[in-house]
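Colleague: Hey, can you walk me through this one?
Modeller: Sure, have a look at it and ask away.

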Amino acid sequence: MSEEGHPPDPESAEDSEQRSFANAAWSIPSYLLSGMAVYGGLGWLLDQWWGTSAMLPIGILVGLGLALYLVYHRYGR
């Protein structure tokens, strides 16, 4: 029962489920993009510091892998 003593509205549960899906739909791409950006940025910084050119793509791939793991851990179970 809700706070006013009325039974819960079945539509509100459906709305909550839709909001949860919408939140996941926005969260997943943002995890992927931010993981690639952060670790790609770290790779770029290491490239600049060491004078190499391999760390940027490695950083992007590591960030993508960690982001995929986070998405699986958070939404895949």
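**Chat about the model**

Modeller: The protein chain has 2 helices and 0 strands. Keep in mind that this is a predicted model.

Colleague: Ok, how much of the protein chain is buried?
Modeller: Buried residues account for 13% of its 77 residues.

Colleague: And what about the accessible surface of the protein chain?
Modeller: That comes to about 6200 Å², and 65% of it belongs to carbon and sulfur atoms.

Colleague: Which residues form a nonpolar patch on the surface?
Modeller: Val-38, Tyr-39, Leu-42, Trp-44, Leu-45, Leu-56, Ile-58, Ile-60, Val-62 and Leu-66. Together they have about 850 Å² of accessible area.

Colleague: Which helices supply residues of that patch?
Modeller: Helix H1 (10-50) and helix H2 (55-75) each supply at least two. Take Val-62, which sits in helix H2.

Colleague: Why does Val-62 count as partly exposed?
Modeller: Because its relative accessible area is 38%, and partly exposed runs between the 20% and 50% cut-offs.

Colleague: Switching topic: how many aromatic pairs are there?
Modeller: The count is 1 aromatic pair. Trp-49 and Trp-50 form it, with 6.0 Å centre to centre and 25 degrees between the planes. That makes the pair stacked, because the planes are under 30 degrees apart.

Colleague: Are those two buried or exposed?
Modeller: Trp-49 is exposed, at 66% relative accessible area, while Trp-50 is partly exposed, at 49%. The label "exposed" needs over 50%, so Trp-50 misses it.

Colleague: Last one: what about contacts between residues at least 6 apart in sequence?
Modeller: Of those in the protein chain, 55% join residues at least 24 apart.

Definitions and conventions. Residues numbered from 1 in each chain as written. Predicted model: local features only at pLDDT ≥ 70, side-chain atom pairs only at ≥ 80, totals over all residues. Heavy atoms only, no water. Phe/Tyr/Trp six-rings, centres within 6.5 Å; stacked < 30°, edge-to-face > 60°. Buried < 20%, exposed > 50% of the residue type's maximum accessible area, 1.4 Å probe, protein only. Patch = residues over 30% accessible without salt bridge, like charges linked within 9 Å, V, L, I, M, F, W, Y side chains within 5 Å. Areas by Shrake-Rupley, 256 points an atom, 1.4 Å probe, with all protein chains shown as cover. Salt bridge = Lys/Arg side-chain N within 4 Å of Asp/Glu carboxyl O. Helix = DSSP H or I, 4+ residues; strand = E, 2+ residues; numbered from the N terminus. Contact = heavy atoms within 4.5 Å.
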